[in-house]
Amino acid sequence: MSALERIQNLDRRIIFLTVAIAVILPLFFPLRLPIEVTAPVQQLYDVIEGLPAGSVVLISIDYDPSGAPELDPATFSILRQCFTRDLKVFVMGLWATGVPLGIRALDAVAVGEYSRKYGVDFVDFGYIPGGAVALVNLGRDVHNVCREDVYGTPVAEIPMMKRIKSADDFGLVISMSMGVPGSDQWIFYYHARYRGNLATAQTAIGAPKYYQYLQTGQLVGLIGGMKGAAEYERLVDNYGLATVGMDSQSSAHVLIIAFIVLGNVIYWMEKRRKK
Amino acid sequence: MLMTEGIWVWIAGVLTLAIYSFLYKDNPLYKIAEYIFVGLSAGYWAVYLFWNFAYPNLFQPLVSEGNYWNIIPIMLGFMMFTQLSRRSAWLVRFPLTFVLGVSLGLQLIAAVEGDVVPQLAGTFAPFSKGALFNTYDFWTSIGYIVLLVGVLTTLVYFFFSREHKGVFGGIARTGVFYLMIAFGASFGYTVMARVSLLFGRIHFIMYDWLRIIR
């Protein structure tokens, strides 16, 4: 068997193994590659920086644990920026499986790092069922959709909720989204009716679709995948999982590009040999 | 102790390895992990949706507040199960018609208000009243021209009522280039997403479970 045939018949498990090695090695030997901040991420950061103290930021946890590696770092970074800027945070989600992720993020950042008070500085309404229908009603009457918080406290007993009645009371809405329901519903059903500032953080697989909404001004910012989250970590000067992950990303990408080039070269060689 | 003592972290670690063992070949460990995942997901959703959605919004207002209007959605909900029997399957049309009607009404407006009109405006607005090159800088203006050419040529590619030949064919082929660039960007982002998932699990194994990295 020639070298060419041997490569063509390469056991795919060897490729899996090399990709795993490419991801694992930078964890032990960090490459510390530079991370440049792109315009969509910078725009979101600037919008939050421009909000007056006391403004309310709605963060919608529209992802589940499989989206956590990409979206958790962005959620944590945005929360840090909000509490540093003395903004109020209203958390909810369109995914039932995202509820524990929202609680965990608020416990770690709001309570653990910034000692903020629940009900005064931040509030968590957990899962809001109904997707698009819920968002249409949310913008009109928040109290009608969010009747109890995630701990079962009636909305009337939460001090922060006294000043939050409708879409007009949110300075910014950010959908941390990995699918449906998520950013699509926020853009089409909420923003189209109530306007205001809307931004999104996306898993990488969904990000390309949302650049068009950035260009039309329907979104004021976009964080795309782990790369976007790493950029945000740099902006808030708190380096975490996304920054660590970018070294593994980069080495895996180089390897995959090498495989693609190799595959094409072999394809052309084989084609020429057959001629 | 090097490894964490948390039982749930151990279970999550072992199940992660069990799922990845499929990359070597299909095996009973993978099957067990797969079934646990499917079963747990279904159970979690069912219980969560009942106690956080159906109970507080439908059953509780009906019983404690006497809101008898809620009987209608409850009945529509139960009618979804009528398809389990061939004799009563026709009843499922009522709740399905209701869901389709509401969805269609909502989506029609949303698609026009939230997508079609703003996207059309975003594509053509830069060309109105000489805004191009006057309002925007040189490269932004070039970008808008590239965007407009892309939109029009791609639309031509999807026009199948005329054979893609001659000038028309050339325009359609330009549209194909735009499509290829879009697919390439999506593929690149997809690779990034998948590597992120792999990194997430490997970081969990190395950091949370085995604690061999800091």
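In which sense do strand E4 and strand E5 of chain A pair, and over how many bridges? The legends below take up this and related points for a predicted model.

**View 1. Pairing of E4 and E5 in chain A.** Strand E4 (residues 172-177) and strand E5 (residues 198-202) of chain A are joined in the parallel sense, over five bridges. Within this pair, A:Met176 has A:Ala201 of E5(A) opposite.

**View 2. The open sheet of chain A.** The sheet comprises six strands with parallel pairing, arranged in the order E3-E2-E1-E4-E5-E6. Strand E3 (122-127) and strand E6 (222-224) of chain A occupy the edges; each has a single partner strand, so one side of each lacks a neighbour in the sheet. On average, neighbouring strands are turned by 15° against each other, direction ignored.

**View 3. Helices H3 and H8 of chain A against the sheet.** Helix H3 (residues 39-50) of chain A crosses E4, E5 and E6 of chain A and runs at about 135° to E6(A). Helix H8 (residues 183-194) of chain A also packs on the sheet, where strand E1 (56-62), E4 and E5 of chain A are touched. The direction of H8 makes about 170° with that of E5(A).

**View 4. The side of chain B that touches chain A.** Contacts link 34 residues of chain B with 39 residues of chain A. Helix H2 (28-64), helix H4 (93-124) and helix H6 (166-209) of chain B each contribute at least two residues to this side of chain B. H6(B) gives the most, with 16 residues. By residue class, this side of chain B consists of 23 nonpolar, nine polar and two charged residues.

Conventions
Residues numbered from 1 in each chain as written. Chains lettered and ligands numbered in written order. Predicted model: local features only at pLDDT ≥ 70, side-chain atom pairs only at ≥ 80, totals over all residues. Contact = placed C-beta atoms within 7 Å. Helix = DSSP H or I, 4+ residues; strand = E, 2+ residues; numbered from the N terminus. Nonpolar A, V, L, I, M, F, W, Y, C, P; charged D, E, K, R; others polar. Pairing = 2+ DSSP bridges. Axes fitted to C-alpha atoms, helices over the stretch in contact; angles between N-to-C directions.
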